[in-house]
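Pull up the fold and keep the sequence handy. We'll take a walk through it, a few residues at a time.

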Amino acid sequence: MNLFLLHGFLGRPSDWEAVKASLPPVTNLRIYTPDYFKDEELTSVHSFDKWAENFNDWAHDETKGTGKNILVGYSLGGRLALQALAQNPTQWHKALFISTNPGFNDNHKHFDPSSEQRRQRWLSDSYWAEEFLKAPWDMVMRNWNAQPVFGGGSEPMRLEKDYNRENLSLALTRWSLAEQQNMRNLLTALKQKVLWLVGEKDEKFVSMSHELEHETGLEIEIAQDSSHRVLFDRPREISELIKNILSQLK
């Protein structure tokens, strides 16, 4: 079996260490934690569609096309994982999405100036893209972490030396929610292979997930005493969900 773990924006492969540490020793389990801000094939110079195509090709090459593939994505990594699942559903046997936005609930596949939601998100992401490109790092990080969606959670220290700031800036526009497809039809069609996890304190995403549950029939898991940053607040809960997936695929 092959387990692919996609970190979030500003994430690093090491973010998954606590999750990996709680997984049982499975002899035939291979774990991949790509750094999609550094790997040239997977960086933010690519659009959603091209990124998904490159990622699925990379995953196939890494596994030599053998074994069952499990895809796990957190936050931005979850949105990218949705794109990979949409690009080639048969490549992935199970998928776990953590604190993931399924896209604006409309019929627009790409940024549409006539959609006020998308226009506002595009303006917001363009602002942050400029900040991550040019503003003093400490100030950007302080302001970024002060956003309401991150309230009540913690995240490891993020050091400027660990990033290419141009790639971070590009990620905010190339992978903006304004450019993301509405994935609800995909989730309805593939609900048997999808798990969905959000943090109890993440009010916006809990509300959105309950609506998603109603619309698609997905089963929603809520991590108790957790913020949007479930990966750091409740890594053991993520491990338990992955363990359940592994036991089902044996």
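Which residues does Phe132 touch, not counting residues up to four places away in sequence? Keep in mind that this is a predicted model. Phe132 touches Phe9, Leu10, Trp137, Val140, Met141, Trp144, Arg165, Leu168 and Leu172. That fits its place in the largest nonpolar core, which has 51 residues: Phe132 is one of those touching the most other members, along with Phe9, Trp51, Phe55 and Trp196. Apart from this core lies another one, of 23 residues, with Met1, Leu23, Ala223 and Ile242 among them.

Now hop from Phe132 to one of its partners, Leu10. You'll find Leu10 in the loop between strand 1 (2-6) and helix 1 (17-21). Its relative accessible area is 1%, and because anything under 20% counts as buried, Leu10 is buried. Leaving out residues up to four places away in sequence, Leu10 touches Phe37, Phe132, Trp137, Met141, Trp144, Glu155, Arg158, Tyr163 and Leu168. Also have a look at Leu76: it sits 66 residues from Leu10 along the chain, with 9.4 Å between the two C-alpha atoms.

Back to Phe132, which takes part in the meeting of helix 4 with helix 6. Helix 4 (residues 116-134) and helix 6 (residues 165-174) pack at an angle of about 180°, and their axes are 8 Å apart. Helix 4 is therefore roughly antiparallel to helix 6. On the helix 4 side, the residues in contact include Trp122, Trp128, Phe132 and Leu133, while helix 6 brings in Arg165, Glu166, Leu168, Ser169, Leu172 and Thr173. Sorted by class, the residues of this contact are 7 nonpolar, 3 polar and 6 charged.

Helix 6 also holds Asn167. Is Asn167 buried or exposed? Asn167 is buried, with a relative accessible area of 11%. A polar atom of the Asn167 side chain lies 3.0 Å from the backbone oxygen of Phe37. Besides Phe37, Asn167 touches Thr43, Ser44 and Val45, again not counting residues up to four places away in sequence.

For another helix pair, try helix 2 (residues 48-63) and helix 3 (residues 76-87), which pack at an angle of about 75° with axes 8 Å apart. So helix 2 runs roughly perpendicular to helix 3. Helix 2 contributes Phe48, Asp49, Trp51, Ala52, Glu53, Phe55 and Asn56 to the contact, and helix 3 supplies Arg79, Leu80, Gln83, Ala84 and Gln87. By class, that is 6 nonpolar, 3 polar and 3 charged residues. Trp51 and Phe55 should ring a bell: they were named with Phe132 in the largest nonpolar core.

Definitions and conventions
Residues are numbered from 1 along each chain as its sequence is written. This is a predicted model: local features need pLDDT of at least 70, side-chain atom pairs count only at pLDDT 80 or more; totals for chains, interfaces and linings use all residues. Side-chain values use heavy atoms; hydrogens and water are left out. Axes are lines fitted to C-alpha atoms, for helices over the stretch in contact, and angles run from 0 to 180 degrees between N-to-C directions. Helices (H or I, at least four residues) and strands (E, at least two) are DSSP runs, numbered from the N terminus. Angles under 35 degrees count as roughly parallel, over 145 as roughly antiparallel, 65 to 115 as roughly perpendicular and the rest as oblique. Contact means heavy atoms within 4.5 Å. Ala, Val, Leu, Ile, Met, Phe, Trp, Tyr, Cys and Pro count as nonpolar, Asp, Glu, Lys and Arg as charged, and the others, Gly among them, as polar. Buried means under 20% relative accessible area, exposed over 50%, partly exposed in between (1.4 Å probe, protein chains only). A polar contact is a pair of N or O atoms within 3.5 Å; within protein, one must be able to donate a hydrogen and the other to accept it, and residues adjacent in sequence count only if both atoms are side-chain atoms. A nonpolar core is a set of buried Ala, Val, Leu, Ile, Met, Phe, Trp, Tyr and Cys residues joined through side-chain atoms within 4.5 Å.
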